[in-house]
Amino acid sequence: MNTPLRPRPTRFDRIAGPLPEPGAVPGAEASPFETVQPASHGFVDRDGVKLWYAVWGDSGPWIAFAPPFQIVHSQMLKATVPYLSRHFRVITTDGRGNGRSDRPMGQDAYSFEHFYADFVAVLDAVGVERVALVGISAAALTVLRLAAEQPQRITHLVTAGGFADSVPNDERLAQRLKMEGELLAGDWPGYLDWFMGIIFNEPHSTKPYEDGVHYGWATSAEWLGWCRKAWVGNDVRDLARRLTCPTLVIHGDDDLRVPYAKGQAIHALVPGSKILTIAGGGHVTAARDPVVFNRALHEFIAGAPRQRTWTRAMKRPRRALFISSPIGLGHVQRDLAIARELRKLQPDLAIDWFTVDPAARYLEREGERLHPITQRLANESRHFENMAGEHDLSAFFALRTMDEIMSHNFMTFVDLMEAEHYDLVIGDEAWDVDYFYHENPELKRQPYVFLTDFVGCLPMEPGNEREAALCSDRNADDIEHVARYPYLRDAAIFVGNREDVTEQPFGPGLPGIRAWTDRNFCYCGYCLPFDPHTLADTERLRARHGYRSDEKIAIAAVGGTATGRHLLQRIAAAFPRMKRELPELRLILVTGPRLSGDEFEPKPGLEVRPYVHNLYEHLACCDLALVQGGLSTTMELVATRRPFLSFPLQRHFEQCVHVRQRLANYAADRSMDYAATLDPEQLARRALAAMHEPVRYRPVETDGAARAALRIAQVLDNRWWAR
């Protein structure tokens, strides 16, 4: 509040990035989680202090998370609560002093008695009679006390990184508390940096660190100082000895905030308790290792299912699960082409699909089977759309901020793998499955094939040291994963050719991307979703799709998201000038399902369509295509030898680097800077010129899908080692 802010630590700018005004939660009116909305939420008024709480999920046993030290708020649980809410009713609440709860003034408003009574008041307001308690870090004091004082109410107890007393009874602890207090009072940003650095001490923890800084920034040194003093000097060890409910202690043996011995002490105090040691783990397992945390809670609290079916091995049908990235339609179209080739090689192999819209909608129209559990998946495509600006999308930061979605969707995948048998999992840019498999290798239980059309995240803003450092860290994490567990990917297929991979390095001190890809991937060539020879008769195609032979057809398409809104608007603004020069011109705007056609002013010769199934057939007979810089659409235009202009999204490393390099390999880099579209006259001239320029593209291979399917079939057959 009145504490002067010193210059921010270097790590703030290098990792945490821009911060909002201190002392408030940005978007406090919205859900703290991206992947789930509360079943109910509100405030409990206790002695004039409003305490925010929410209930997540509408069925199942009750779980309640007690609020920990107020340097964080309930969003810290974003990797666990959305998943648990699929199986339980989960209560979260922000402790006074941070989050959406009040921040009263003065030390008298902050005490362990207040924190305890606040939590009980929330449980009473919700009306829960029987509940499992979870206490992370200091919140272990709260849940241990409540389980002892209200044993009839508590079904299970879990502590994570917790302690049963905070009494400074030795000189070393007293000195540390003194140092912390002085740092907090004199250098609030420095304290926040130090704190998040020690609780997330595991390698490659830049994202939890970044999140933690933002959570802490929502309070202040003054409020946190009162909270900190309130948590010190408490002792519930005698109460812990009285516990009778099933108790699980989770603790990292490399916890630099609360020593592992504190977790062992709880285990020794509570009769019959169990302990899960996170070897090499730090302080906040729920944030840094959410998969093991989620699974431990689910198994401990829910127990074994009351009904279970086990199918004898030879009665199990042969099945594959195909995970297809829903970011655009290009992935799913090539994946379906691969799946059809795979069925030729393995006729008895049934394929289920694991994806969301817009990919899910496409597959249903093609008669494919989506597994019903996909209704639980969070939408990656919508996340990317929400991250976009005006024809601008930092693909790296969109991936980086997708951590909640990745955790949620991987846990859904794990639920499916445990419930049903699959002989094979294929993941096309299934970053969630690939990352968490490498973090939890024991969960892999069937052959796994990974596909991608790019390798390596690349910084796009010159001079942006933060972006460069974080890209390098992510790449290093991936490289270390593959080096340590090379057998997790039974095959890794690059959808393209060797020269399509950039020779840039992954980052300072890291290998070159192409050389590393040579060692860790096989190349299948580009995978087209069609045979270009079947689309060579353009007159027949035009007649089939309602285009007259005496008109020129231009098609503008931007994929299945709203990211291309501004590009379509600029193309529409240039269209009257184009039509003035070419009266027979007809322009089809394909907006995708997320954009309304009402956004575009009606004009003679202009047609707006929300969706065109198998758009590549229409593009194959058009006279000009105006598209974003995505790989699939541009390569389909190259394969069918159609004139086009592409407009790569600004700061999108895949479109601006990887795709452009690939197009150049086919003598087809027809990209145009989006800034040049601001002038409708210039855009019109450039578009008409592109329509009449001769096409000299190199041929696109047509056997990529078959080659990919053959490699996948070899994994399924598992005879590569036989002589």
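In which helix does histidine 438 lie? In this predicted model, histidine 438 belongs to helix H18, which covers residues 431-439. The residue counts as buried because its relative accessible area is 4%, under the 20% cut-off. Beyond its neighbours within four places in sequence, histidine 438 is in contact with His481, Val482, Tyr485, Leu488 and Arg489.

A second buried position is found in strand S9, where leucine 321 sits within residues 319-324. Its relative accessible area is 0%, so leucine 321 is buried. Once neighbours within four places in sequence are left aside, the contacts of leucine 321 include Asp352, Trp353 and Phe354. Further along the chain, leucine 321 also touches Phe413, Leu416, Met417, Tyr422, Leu424, Val425 and Ile426. Glutamate 180 offers a contrasting pair: 141 residues separate it from leucine 321 in sequence, and the two C-alpha atoms are 51 Å apart in space.

Helix packing can be followed in the pair H3 and H4. Two packed helices are described by the angle between their axes and the distance between the axes. Helix H3 (residues 112-126) packs against helix H4 (residues 139-149) at an angle of about 65 degrees, and the axes are 10 Å apart. The crossing of H3 and H4 is right-handed. On the H3 side, the contact is made by Phe112, Glu113, Tyr116, Phe119, Val120 and Leu123. Their partners in H4 are Leu141, Thr142, Arg145, Leu146 and Glu149. By residue type, the contact of H3 with H4 comprises seven nonpolar, one polar and three charged residues.

Helix H13 (residues 330-345) lends itself to a simple check of length. Its 16 residues, at 1.5 Å a residue, should span 22 Å, and the end C-alpha atoms are 23 Å apart, so the two values agree. Buried residues of H13 include Gly330, His331, Val332, Gln333, Arg334 and Asp335. Also buried in this helix are Leu336, Ala337, Ile338, Ala339 and Leu342.

The backbone holds a few details worth a look. Most residues other than glycine have a negative phi, and most peptide bonds are trans. Against that background, the peptide bond joining aspartate 357 and proline 358 is cis, with omega about 5 degrees. Proline 358 lies in the loop between strand S10 (350-354) and helix H14 (359-365). Aspartate 47, which is not a glycine, has a positive phi of about 55 degrees. This aspartate is placed in the loop between strand S1 (40-46) and strand S2 (49-56), and it counts as exposed because its relative accessibility is 68%, over 50%. Asparagine 718 likewise has a positive phi, near 55 degrees. Asparagine 718 is found in the segment after helix H27 (704-717) and is partly exposed, at 36% relative accessibility.

Finally, the cysteines were examined for disulfides. A disulfide is a covalent bond between the sulfur atoms of two cysteines. The count of disulfides in the model comes to zero. For cysteine 471, the nearest cysteine sulfur is that of cysteine 457, 5.6 Å away, so the 2.5 Å limit is not met. Cysteine 471 is buried, with a relative accessible area of 1%. For cysteine 621, the nearest cysteine sulfur belongs to cysteine 622 and is 6.9 Å away; cysteine 621 is in no disulfide. Cysteine 621 also counts as buried, at 1% relative accessibility.

How values were computed. Residues numbered from 1 in each chain as written. Predicted model: local features only at pLDDT ≥ 70, side-chain atom pairs only at ≥ 80, totals over all residues. Heavy atoms only, no water. Helix = DSSP H or I, 4+ residues; strand = E, 2+ residues; numbered from the N terminus. Buried < 20%, exposed > 50% of the residue type's maximum accessible area, 1.4 Å probe, protein only. Contact = heavy atoms within 4.5 Å. Axes fitted to C-alpha atoms, helices over the stretch in contact; angles between N-to-C directions. Left-handed = near helix turned anticlockwise from the far one by under 90°. Nonpolar A, V, L, I, M, F, W, Y, C, P; charged D, E, K, R; others polar. Expected span 1.5 Å × (residues − 1).
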